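Q: I would like a close look at one part of this model. Please start there and follow its contacts outward, step by step.

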Amino acid sequence: MFYVYILRSLKDHNHYAGYSSDLKHRLEEHNLGKVEATKRRTPLELIYYEAYKCRSDATTREKYFKTQWGRSYLKKVLKHFYEGGG
């Protein structure tokens, strides 16, 4: 399986979208500062993920989450999280 995930920085509250075949290990790498894009934004929490059988489907979805439409979608799906319920 391939996982598309959204992380939120507990430091600056910004988000990061990525994909991996090993979600748990990848989250550990992010929080250990081993990922250049997020190493200055740790700690990070996983707030959303989706699973796909095909890598190309996962990478397409990851790119979508990096667009304004994708960010708007997440705000709708995670409405209660953003309202302080999560």
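A: A helix here is a DSSP run of H or I with at least four residues, and helices are numbered from the N terminus. By that rule Q68 is found in helix α3, which covers residues 68-77. This helix is the part to look at. Keep in mind that the model is predicted.

Start at Q68. Its relative accessibility is 49%, so Q68 counts as partly exposed. The cut-off matters here, because exposed begins over 50%. The side chain of Q68 makes a polar contact with the side chain of R71, at 3.3 Å. Both residues fall in the range 68-77 of α3.

R71 leads on to the largest pocket. About 210 Å³ of space lies in it. Its lining is made up of I6, H15, Y16, A17, F65, K66, R71, L74, K75 and Y82. Two elements give two or more residues to that lining: strand β2 (15-20) and helix α3. From the range of α3, the lining includes R71, L74 and K75.

Now move to Y73, also in the range of α3. What sits over the ring of Y73? The charged end of R61 does, 4.9 Å from the ring centre. Y73 also belongs to a cluster, in which ring pairs link it with Y48, Y64 and F65.

The structure holds 7 aromatic pairs. One of them joins Y3 and Y49: the ring centres are 6.2 Å apart and the planes are at 65°, so this pair is edge-to-face. Y3 lies in strand β1 (residues 2-9) and Y49 in strand β3 (residues 44-52), so the pair ties together parts that are 46 residues apart in sequence. Y3 is partly exposed, with a relative accessible area of 22%. Y49 is partly exposed too, at 47%.

Back to the cluster. Y48 and F65 have ring centres 5.9 Å apart and planes at 85°, so they also meet edge-to-face. This pair links distant parts of the chain, with Y48 in strand β3 and F65 in helix α2 (residues 55-65), 17 residues apart. Both Y48 and F65 are buried. F65 has two roles in this picture: it is in the ring cluster, and it lines the largest pocket.

Y16 is another lining residue of that pocket. It opens a second route, to H30. H30 lies in helix α1 (residues 23-31). Is H30 buried or exposed? Its relative accessibility is 0%, so H30 counts as buried. Leaving aside neighbours within four places in sequence, H30 is in contact with Y5, L7, Y16, V35, T38, T42 and L44. Its side chain also joins that of T38 in a polar contact of 2.7 Å.

T42, one of the H30 contacts, carries a backbone feature. The peptide bond from T42 to P43 is cis, with omega near 0°. P43 lies in the loop between α1 and β3.

One more backbone point concerns H13, in the loop between β1 and β2. Its phi is near 65°, a positive value in a residue other than glycine. H13 has 47% relative accessibility, so it counts as partly exposed.

To recap α3: Q68 contacts R71, R71 helps line the largest pocket, and Y73 takes part in the ring cluster with the charged end of R61 over its ring.

How values were computed: Residues numbered from 1 in each chain as written. Predicted model: local features only at pLDDT ≥ 70, side-chain atom pairs only at ≥ 80, totals over all residues. Heavy atoms only, no water. Phe/Tyr/Trp six-rings, centres within 6.5 Å; stacked < 30°, edge-to-face > 60°. Buried < 20%, exposed > 50% of the residue type's maximum accessible area, 1.4 Å probe, protein only. Lys NZ or Arg CZ within 6 Å of the ring centre and 35° of its normal. Polar contact = N/O pair within 3.5 Å; in protein donor to acceptor, adjacent residues only side chain to side chain. Contact = heavy atoms within 4.5 Å. 1 Å grid on protein atoms, 1.4 Å probe; cavity = no way out; pocket = protein on both sides within 12 Å on 5 of 7 lines; lining within 4 Å. Points joined across faces, edges and corners; volume = space filled by probe spheres on them.
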